[in-house]
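Visitor: I'd like a close look at one part here: the nonpolar core. Please take me through that, and then through the residues you'd look at next.

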Amino acid sequence: KEPLYPFMLLQMETKELNLASDDDDTLPPLKLYAQINHIRDQETGNVELQTANLNVRILEQIQLPGAKLDLFEEEAVGQVSFQPL
C-alpha cells in the first residue's frame with residue numbers, strides 16, 4: 001500500500017556562519033525547507049525518499065487597506081538526498 005501522504009516536509013535552521021575572509025563577512029541564520037517525495041518499493045515494501053530541492057523562503061510584506069499580506073517565495077539553494085545505511 002502506498003504511503004498515506006506522498007511527501008515529507010523538512011525544515012532545518014542553520015546557525016550564523018563566519019566566512020574565511022579579511023572583512024569578517026558572515027551568512028545570517030537561515031531556515032531551509034524541502035518537500036521530499038517518497039514511494040514504496042512494491043517488491044520489498046521499503047519506502048524510498050527521493051532527491052528534493054532545498055529552498056530558502058523570501059518574505060515580502062504588502063500593506064493593503066486595513067490589512068498586511070505576507071507573501072513567501074521559495075528560492076532553491078541546493079538539493080538534499082538520502083541514502084539508506
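Guide: Here is a walk that starts with the whole chain, goes to the core, and then works outwards.

A word on ground rules first: this is a predicted model, so local features need pLDDT of at least 70 and side-chain atom pairs count only at pLDDT 80 or more, while totals for chains, interfaces and linings use all residues. Numbering runs from 1 along each chain as its sequence is written, and side-chain values use heavy atoms, with hydrogens and water left out.

The overall layout is quickly told: the protein chain has seven strands and zero helices, taking helices (H or I, at least four residues) and strands (E, at least two) as DSSP runs numbered from the N terminus. Read from that end, the order is β-β-β-β-β-β-β. The C-alpha trace spans about 55 × 45 × 15 Å along its principal axes. Its radius of gyration is 18 Å, whereas a compact globule of 85 residues would come out near 12 Å; that radius is taken over C-alpha atoms, and the globule rule is 2.2 Å times the number of residues to the power 0.38. As for burial, 13% of the 85 residues count as buried, where buried means under 20% relative accessible area, exposed means over 50%, and partly exposed is in between (1.4 Å probe, protein chains only).

Now for the core itself. In soluble globular proteins, nonpolar side chains tend to be buried together. Here the largest nonpolar core is made of seven residues: Leu32, Ala34, Ile36, Ala52, Leu54, Val56 and Val80. Two elements, β4 (31-40) and β6 (52-64), each give two or more residues to this core. To qualify as a core, residues must be buried Ala, Val, Leu, Ile, Met, Phe, Trp, Tyr or Cys, joined through side-chain atoms within 4.5 Å.

Val80 is a good member to zoom in on. Setting aside residues up to four places away in sequence, Val80 touches Ala34, Ile36, Gln50, Thr51 and Ala52, with contact meaning heavy atoms within 4.5 Å. Three of those names, Ala34, Ile36 and Ala52, you've just met in the core.

Follow Gln50 next, in the loop between β5 and β6. Gln50 counts as partly exposed because its relative accessible area is 33%. Besides Val80, Gln50 is in contact with Ile36, Asn37 and Ile39, leaving aside neighbours within four places in sequence. Across from the loop, His38 sits in strand β4. The C-alpha atoms of His38 and Gln50 are 5.9 Å apart, although the two residues are twelve apart along the chain. Unlike Gln50, partly exposed at 33%, His38 is buried because its relative accessible area is 13%.

Stay on β4 and you also find Arg40. Arg40 is partly exposed, at 28% relative accessible area, and its C-alpha lies 9.8 Å from that of Pro6, 34 residues away along the chain.

Strand β6 also takes part in the structure's one salt bridge. Its partners are Glu74 and Arg57, whose side chains meet at 2.9 Å, N to O. The pair links distant parts of the chain, with Glu74 in strand β7 (residues 67-80) and Arg57 in β6, 17 residues apart. The cut-off for a salt bridge is a side-chain nitrogen of Lys or Arg within 4 Å of a carboxyl oxygen of Asp or Glu. Both ends count as partly exposed, Glu74 at 40% and Arg57 at 38%.

Leu69 belongs to strand β7 too. At 35% relative accessibility, Leu69 is partly exposed, and it touches Glu60, Gln61, Ile62 and Leu64, residues up to four places away not being counted. Thr26, by contrast, is 30 Å from Leu69, C-alpha to C-alpha.

Last stop, the outside. Met8, Val47, Leu49 and Phe82 form a nonpolar surface patch with about 280 Å² of accessible area together. Such patches take residues with over 30% relative accessible area and no salt bridge, joining nonpolar side chains (Val, Leu, Ile, Met, Phe, Trp, Tyr) within 5 Å and like charges within 9 Å. Val47, in strand β5 (residues 47-49), is partly exposed at 41%. The protein chain exposes about 7,400 Å², with carbon and sulfur atoms supplying 51%; accessible areas come from the Shrake-Rupley method with a 1.4 Å probe, and for residues only the protein chains shown count as cover.
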